[in-house]
Amino acid sequence: MNSSYAPIVLFVYNRLTHTQQTVNALKTNKLAKKSELYVYSDGPKDKNLKKSVDEVRRYIKTITGFKKITIIEGEKNIGLASSIIQGVTEIISKNDKVIVIEDDLFVSPLFLNFLNDGLAAFENRDDIFSITGFNFPEKYLKIPEEYTEDLYLNYRCMSWGWATWKDRWLKVDWTIKNYQEFSNNKKEIKLFNRGGDDLFPMLTNQLNGEIDSWAIRFCYAHYKNNSFCVYPVKSFVDNRGFDGSGIHCGNDEDNKFENITLNNSTVNINPNILINKEIIKLFYIAHKYSLSQKIKIFLIKYLPKGLIQFLKRGLQ
């Protein structure tokens with residue numbers, strides 16, 4: 001059943017304090033009381049994690065402050081990537097749009113307003129595949145002072161608090177059927193890497209089973225459909241998962257992704273916004289691999305796997 005506001009899908013696991021911070025921040029949004037909340041809780045990976053998973057599950061049963069709350073508890077652990085793909089597909093099959101958030105994100109009181117307004121403004125633009133509430137802090141990506149828009153477009157999607165529409169989500173090929181053909185086409189790889197030259201290596205790692213990422217496949221869908229992700233110039237989201245508590249984020253020792261001050265102002269959403277070449281360039285540079293990283297990728301690609309494993313053991 002559709003409603004005027006997008007349903008919120010929250011994915012949790014075993015971090016109680018992070019989950020509480022995320023939920024409390026969401027509840028500061030005026031639209032929370034008008035939005036349905038679906039909470040997906042993945043099962044514990046092993047017996048040692050059962051206690052912390054159960055703690056989170058007891059907490060999510062006490063959540064209030066939303067129009068309706070539905071909790072889906074998994075018996076087995078399927079991992080974040082499968083959880084998000086399955087959970088979003090399930091909810092979006094009954095709705096035209098969805099807002100997705102994970103348990104380590106702290107959001108502004110206007111986070112839901114921004115994403116709902118964006119979903120309405122860009123619904124009929126086929127070249128917009130998703131909207132994110134996150135933007136990088138100035139020390140990582142400095143937007144030119146002469147840029148007057150409150151939003152910008154990029155080829156790369158962002159998974160830290162985002163939204164999309166049913167028709168876009170259903171276009172995603174999660175198995176990347178044409179990967180072999182694509183991986184031999186340097187021109188197409190270059191186009192995919194306009195959002196950062198780390199994209200193709202990550203996609204390759206995903207197909208080789210070295211990482212488990214739904215987001216890199218979502219980014220690939222943006223490229224395949226000649227589409228963009230909408231970013232706010234000033235972030236509505238701070239990712240607080242870089243404290244070593246999570247599986248995917250690790251540590252942000254330099255705090256380069258930390259948004260100390262979040263956007264608490266209404267932004268001007270220009271439905272006809274176009275790409276800005278200078279921001280595209282700056283964004284690419286921010287995500288550009290260093291020389292040492294490029295050498296590592298080259299070696300992994302061309303050296304036999306047995307030799308790579310031998311070298312890794314020798315360095316440990």
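Okay, let's start with one arginine: R168 is buried, at a relative accessible area of 2%. R168 sits in helix α5, which covers residues 166-169. What does R168 touch, leaving out residues up to four places away in sequence? Those contacts are F122, E123, N124, R125, I128 and F129.

Before I go on, keep in mind that this is a predicted model. The average pLDDT for the protein is 90, and 86% of the residues score at least 70. There are stretches to be careful with, though. Over residues 246-252 pLDDT stays under 50, and the model has 19 contacts there beyond four places in sequence. Residues 291-295 also stay under 50, with four such contacts. You know the rule: where pLDDT is low, the predicted coordinates shouldn't be read in detail.

Now, the sheet. Eight strands make an open sheet with mixed pairing, and the order is β3-β2-β1-β4-β8-β6-β9-β7. The edges are β3, residues 68-73, and β7, residues 151-154, each pairing on one side only. On average, neighbouring strands here are turned by 25° against each other, ignoring direction.

Let's look at one pair inside that order. How do β4 and β8 pair, parallel or antiparallel? They're antiparallel, over four bridges, with β4 being residues 97-102 and β8 residues 162-165. If you want a spot to click on, V98 stands opposite T164 in β8.

Next, the helices on the sheet. Helix α3, residues 79-92, lies across β1, β2, β4 and β8, and runs at about 150° to β4. Helix α4, residues 111-121, lies across β1, β4, β6, β7, β8 and β9, at about 145° to β4.

Then there's α2, residues 50-60, where S52, V53, V56, R57, Y59 and I60 are buried. Why do those residues end up on the same side of α2? Because they cover an arc of only 160° around the axis. As a reminder, an α-helix has 3.6 residues a turn, so residues three or four places apart point the same way. The buried residues of α2 pack against β1, α1, β2 and β3. Turn the helix around, and the face away from the buried side carries K51 and R58, both exposed.

R57 deserves a second look. Its side chain meets that of E73 in a salt bridge, 4.0 Å from N to O. R57 is in helix α2 and E73 in strand β3, so this pair ties together parts 16 residues apart in sequence. The two ends sit in different surroundings: R57 is buried at 11% relative accessible area, while E73 counts as partly exposed at 35%.

How many salt bridges turn up in the whole structure? The search finds 12. Here's another one, and it brings us back to a contact of R168: R125. R125 forms a salt bridge with D127, with the closest N and O atoms 2.8 Å apart. R125 is buried at 16%, and D127 is partly exposed at 24%.

One more pair: K288 and D197 meet at 4.0 Å, N to O. That one links distant parts of the chain, 91 residues apart, with K288 in the loop between α10 and α11 and D197 in the loop between α7 and α8. K288 is partly exposed at 40%, whereas D197 is buried at 11%. And last, R15, D103 and D104 are joined into one network by salt bridges that share partners.

That's my tour, thanks.

Definitions and conventions. Residues numbered from 1 in each chain as written. Predicted model: local features only at pLDDT ≥ 70, side-chain atom pairs only at ≥ 80, totals over all residues. Heavy atoms only, no water. Helix = DSSP H or I, 4+ residues; strand = E, 2+ residues; numbered from the N terminus. Buried < 20%, exposed > 50% of the residue type's maximum accessible area, 1.4 Å probe, protein only. Contact = heavy atoms within 4.5 Å. Pairing = 2+ DSSP bridges. Axes fitted to C-alpha atoms, helices over the stretch in contact; angles between N-to-C directions. Arc of directions from axis to C-beta. pLDDT = per-residue confidence, 0-100.
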